[in-house]
Structure formats: structure tokens, C-alpha cells
Amino acid sequence: KTFGLRYFNLLIIVVGTRLKEIDIDSALIAKENGVKVIYVRGKMDAAVDDNFHDKGFTKEQTENEIRQYILKEVSKKTPITQDDIYLFSKRSEEFDWHNL
């Protein structure tokens with residue numbers, strides 16, 4: 001066979017809000033085969049607005065909360081670092097666009 005995650009150079013997991021088990025399992029399989037994995041969390045503008053209204057959080061507090069959530073969930077099954085996480089919003093370039 002010449003197809004499957006093991007033949008990828010990079011796996012980009014894009015989520016709108018929460019990671020699903022299939023996201024983490026796919027990352028695990030990719031990493032076991034030497035494939036780099038990055039996680040992209042979209043809808044950051046909505047998350048910042050929601051956390052401001054619901055919890056009084058600043059933009060930075062919301063970013064930290066979401067990064068910590070991704071780190072916690074993914075690290076249950078496979079290694080991850082802060083550098084593997086990108087936060088985006090299609091409505092604003094103020095998140096991780098500069099890191100690309």
C-alpha cells in the first residue's frame with residue numbers, strides 16, 4: 001500500500017472549538033510514523049468575545065486557556081508543544097497569522 005497517514009509530510013488538524021477523539025488518534029498514528037502534526041484552532045474571535053462576556057477574560061487569558069486545553073487533551077496520548085498550536089480567526093489577523 002502506498003497511501004495513509006504514514007506517507008504524509010505534515011498533518012494539520014483544524015478544529016472550530018473542541019478536539020475530538022479522532023483528531024487525537026489521527027495525530028498519534030501520524031506521529032508514530034514520523035509525521036509532524038500541528039493543531040489549528042479557528043473561531044478565536046468568537047471565543048474571545050464569549051470568554052469576555054461569560055468570564056471577564058482578556059484576549060490573552062482566552063488564548064492561554066485554549067492552548068492549555070489543547071496541550072492537556074493531546075498530551076494524554078501523544079507529545080505536543082506550544083509550537084504545535086496555532087490560533088486563528090478569519091475575521092482578524094491578530095492571532096497566530098504572524099507565526100506562519
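# Exercises on a predicted chain

Threonine 62 is buried, at a relative accessible area of 0%; buried means under 20%, exposed over 50%, and partly exposed in between (1.4 Å probe, protein chains only). The model is predicted: local features need pLDDT of at least 70, side-chain atom pairs count only at pLDDT 80 or more, and totals for chains, interfaces and linings use all residues. Residues are numbered from 1 along each chain as its sequence is written, and side-chain values use heavy atoms, with hydrogens and water left out.

**Exercise 1. Lay out the fold.**

Step 1. Count elements. The chain has 3 helices and 3 strands. These are DSSP runs, numbered from the N terminus: helices are H or I with at least four residues, strands are E with at least two.

Step 2. Read the order. Along the sequence the pattern is β-α-β-α-α-β.

Step 3. Check burial and contacts. Of the 100 residues, 40% are buried. Take contacts (heavy atoms within 4.5 Å). Among those between residues at least 6 apart in sequence, 60% join residues at least 24 apart.

**Exercise 2. Describe the surroundings of threonine 62.**

Step 1. Place the residue. Threonine 62 lies in helix H3.

Step 2. List its neighbours. Leaving out residues up to four places away in sequence, threonine 62 touches Met44, Ala47, Val48, Asn51 and Phe57.

Step 3. Find the polar partner. The side chains of threonine 62 and asparagine 51 make a polar contact (3.2 Å). Such a contact is a pair of N or O atoms within 3.5 Å; within protein, one must be able to donate a hydrogen and the other to accept it, and residues adjacent in sequence count only if both atoms are side-chain atoms.

Step 4. Take a backbone distance. Phenylalanine 52 is 10 residues from threonine 62 along the chain, and their C-alpha atoms are 8.3 Å apart.

**Exercise 3. Which elements build the largest nonpolar core?**

Step 1. Define the set. A nonpolar core joins buried Ala, Val, Leu, Ile, Met, Phe, Trp, Tyr and Cys residues through side-chain atoms within 4.5 Å.

Step 2. Pick the hubs. The largest core has 20 residues, and Ile13, Leu19, Val37, Tyr39, Ile70, Val74 and Ile80 touch the most other members.

Step 3. Assign elements. Two or more residues come from each of strand S1 (10-15), helix H1 (21-32), strand S2 (36-41), H2, H3 and strand S3 (85-87). H3 gives the most to this core, with 5 residues.

Step 4. Inspect one hub. Isoleucine 13 touches Leu19, Asp23, Ala27, Val37, Ile38, Tyr39 and Val40, not counting residues up to four places away in sequence.

**Exercise 4. Is lysine 43 buried or exposed?**

Step 1. Locate the residue. Lysine 43 lies in the loop between S2 and H2.

Step 2. Apply the cut-off. Lysine 43 counts as exposed because its relative accessibility is 53%.

Step 3. Check the backbone. Lysine 43 is not a glycine, yet its phi is positive, about 60 degrees.
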